[in-house]
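Here is a walk through a protein chain for someone meeting it for the first time. Have a look at the model, and then read on.

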Amino acid sequence: MGCRDVHAATVLSFLCGIASVAGLFAGTLLPNWRKLRLITFNRNEKNLTVYTGLWVKCARYDGGHDCLMYDATWYSSVDQLDLRVLQFALPLSILIAMGALLLCLIGMCDTAFRSSVPNVKLAKCLVNSAGCHLVAGLLFFLAGTVSLSPSIWVIFYNIHLNRKFEPVFAFDYAVYVTVASAGGLFMTALLLFIWYCACKSLPSPFWQPLYSHPPGMHTYSQPYSARSRLSAIEIDIPVVSHTT
């Protein structure tokens with residue numbers, strides 16, 4: 001694996017992270033987290049479905065596309081605990097994932113534009129390619145956990161509502177979008193962890209820059225101090241004898 005170059009695993013993880021963050025944005029804004037289906041037995045009337053999102057609520061007739069009732073202030077009067085938790089969890093997950101994307105981008109730029117000549121000052125720097133990717137993987141994993149847990153809770157909360165009232169509640173496709181996006185964040189973290197574990201066997205620890213060593217140079221050693229003992233050097237001189 002090309003640990004000292006921009007590898008396909010890091011590029012793929014960055015693209016997967018962008019797609020996952022976009023999915024979280026879509027899941028946060030979609031008004032299709034829960035639907036309440038009201039069935040009428042009057043043949044002259046149509047069934048009504050109320051779509052509930054995190055910020056708005058919309059009521060439509062079956063087969064219709066326009067909202068009969070559109071509540072744009074629903075975000076301030078949410079009376080369902082799972083949706084209220086999602087209002088805080090999803091934006092927080094997006095912020096964490098965007099920070100991870102920034103670190104991943106910094107790591108790739110550091111890999112692509114760094115000098116091939118080692119620098120003693122940078123050897124003590126904590127911000128480098130491998131370190132950025134490792135921290136980004138941890139942040140992606142955290143963002144996936146923050147977004148996945150309340151999204152799955154919506155499914156079980158629907159079961160609770162159906163038992164408490166009537167079986168008219170169902171979760172909508174915004175749940176699938178958010179769960180899939182959280183899975184994408186976990187996949188992104190897994191790719192970064194695989195890249196880091198494959199490169200961990202290199203001589204440099206993760207907090208040191210991964211330079212492209214010149215040919216014949218395998219490791220860097222600290223200069224000897226004044227008190228260091230000089231190693232004995234033994235020179236074998238071959239003796240050639242001529243026989244007559």
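A salt bridge, as the word is used here, is a side-chain nitrogen of Lys or Arg within 4 Å of a carboxyl oxygen of Asp or Glu. Keep in mind that what you're looking at is a predicted model.

So how many salt bridges does the structure hold? There is 1. It pairs Arg34 with Asp82, and their closest N and O atoms sit 2.4 Å apart. Arg34 belongs to strand β1 (residues 34-38) and Asp82 to helix α2 (residues 81-113), so the pair ties together parts that are 48 residues apart in sequence. Are the two partners buried or exposed? Both Arg34 and Asp82 are buried.

**The chain as a whole**

Stepping back, you'll find 4 helices and 5 strands in the chain. Reading from the N terminus, the elements go α-β-β-β-β-α-α-β-α. The chain has 244 residues, and 35% of them count as buried. It exposes about 15,500 Å², with carbon and sulfur atoms supplying 66% of that area. As for who touches whom, take the contacts with a separation of 6 or more: residues 24 or more positions apart account for 68% of them.

**Helix α1 and Thr10**

Helix α1 covers residues 8-29, which makes 22 residues. At 1.5 Å a residue the helix should span 32 Å, and its end C-alpha atoms are indeed 32 Å apart, so the two values agree. Its buried residues include Ala9, Phe14, Val21 and Leu24, along with the glycines Gly17, Gly23 and Gly27.

Thr10 is another residue of helix α1. With a relative accessible area of 3%, Thr10 is buried, because anything under 20% counts as such. Which residues does Thr10 contact, leaving aside its neighbours within four places in sequence? They are Cys104, Met108, His133 and Trp195.

**Two more residues to click on**

Gln87 sits in helix α2. It is buried, at a relative accessible area of 7%. The side chain of Gln87 makes a polar contact with the side chain of Arg84, at 3.0 Å. Beyond its neighbours within four places in sequence, Gln87 is in contact with Leu54, Trp55, Tyr75 and Val78.

Asn162 is found in helix α3 (residues 129-164). Its relative accessible area is 22%, which makes Asn162 partly exposed. Not counting residues up to four places away in sequence, Asn162 touches Pro167, Val168 and Phe169.

Here are the three residues side by side.

| Residue | Relative accessible area | Status |
|---|---|---|
| Thr10 | 3% | buried |
| Gln87 | 7% | buried |
| Asn162 | 22% | partly exposed |

**What the record adds**

Where does UniProt list a "transmembrane region"? Its unreviewed entry gives residues 6-30, 88-113, 133-161 and 173-196 under that name. Two of these spans can be checked against the model. Over residues 133-161 the chain is 100% helix and 0% strand, and the end C-alpha atoms are 42 Å apart. Residues 173-196 are likewise 100% helix and 0% strand, with end C-alpha atoms 35 Å apart.

Terms used. Residues numbered from 1 in each chain as written. Predicted model: local features only at pLDDT ≥ 70, side-chain atom pairs only at ≥ 80, totals over all residues. Heavy atoms only, no water. Helix = DSSP H or I, 4+ residues; strand = E, 2+ residues; numbered from the N terminus. Buried < 20%, exposed > 50% of the residue type's maximum accessible area, 1.4 Å probe, protein only. Contact = heavy atoms within 4.5 Å. Expected span 1.5 Å × (residues − 1). Polar contact = N/O pair within 3.5 Å; in protein donor to acceptor, adjacent residues only side chain to side chain. Areas by Shrake-Rupley, 256 points an atom, 1.4 Å probe, with all protein chains shown as cover. UniProt positions renumbered as here; feature names shortened; annotations may be inferred.
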